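Please have the model open in your viewer, with a selection tool at hand, and follow the stops below in order.

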Amino acid sequence: MIPASRGDRVLAIEYFFAAPDIAALQHYVLGLARSDPARAYAVERRVRDRLRSLQTHPDAVAEACWTMGNLAEAASARAAGAQRVAWRRRALGDDIAAVELSPLSEKYLLAASAQRERVERRSADQRPTMRERLRWAGMDSLRASLLN
């Protein structure tokens, strides 16, 4: 693309969305994640939304959700206090969304389980919400059914 070769990343990204050139967008997101995972998360959310609007196969949308979960966890590592907790909850929600879209994928199930443990380790005054507890109960049932 001409904008990319000229160094105009903003215009190049818009062209990648319009194309849609998902591989180029993923390359951009992963590069951006090294320096600014929060910004990379915002771009990946646009990728997920674009995939949904194209009525792409659910596995592709699940992969975008999983990537968002990884980016949210990376952003939590750079945050502190309530912001860290918020990023970890967001990561858990993204990982659960990936499981819901592709429930037979062990990769997404393991990511959601690991993220759940990170969220649970926060301080005692920040208890999980009822919604989180219900989702976790569903995750435990799904994990048990896959192992049996």
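Select helix α3 (residues 22–35) together with α5, two helices that pack at an angle of about 15 degrees with their axes 10 Å apart; axes here are lines fitted to C-alpha atoms, for helices over the stretch in contact, and angles run from 0 to 180 degrees between N-to-C directions. The model is a predicted one, in which local features need pLDDT of at least 70 and side-chain atom pairs count only at pLDDT 80 or more, while totals for chains, interfaces and linings use all residues. Residues are numbered from 1 along each chain as its sequence is written, and side-chain values use heavy atoms, with hydrogens and water left out.

Helices α3 and α5 are therefore roughly parallel to each other, a label given to angles under 35 degrees (over 145 is roughly antiparallel, 65 to 115 roughly perpendicular and the rest oblique). Their crossing is left-handed, meaning that the near helix is turned anticlockwise from the far one by less than a right angle, clockwise being right-handed. Now show the side chains of Gln26, Val29, Ala33, Arg34 and Ser35 in α3, which meet Thr67, Leu71 and Arg78 in α5, a contact being heavy atoms within 4.5 Å. By class, this contact of α3 with α5 has three nonpolar, three polar and two charged residues, where Ala, Val, Leu, Ile, Met, Phe, Trp, Tyr, Cys and Pro count as nonpolar, Asp, Glu, Lys and Arg as charged, and the others, Gly among them, as polar.

Keep α5 (residues 58–78) selected and add helix α7 (residues 106–120), whose axis comes within 11 Å of that of α5 and crosses it at roughly 25 degrees. The crossing of α5 and α7 is left-handed. Asp59, Ala62, Glu63, Trp66 and Glu73 of α5 make the contact with Lys107, Tyr108, Ala111, Gln115 and Arg118 of α7, and these residues divide into four nonpolar, one polar and five charged.

Next, select helix α2 (residues 9–18), where Ala12, Ile13, Phe16 and Phe17 are buried (under 20% relative accessible area, with exposed over 50% and partly exposed in between, for a 1.4 Å probe and protein chains only). Seen down the axis of α2, the buried residues fall within an arc of 140 degrees, so they line one face of the helix; the arc is that of the directions from the helix axis to the C-beta atoms. On the other side of α2, Val10 and Ala18 are exposed.

Finally, display the whole protein chain, which has eight helices and zero strands, taken as DSSP runs (H or I, at least four residues, for helices; E, at least two, for strands) and numbered from the N terminus. Buried residues make up 39% of its 148 residues.
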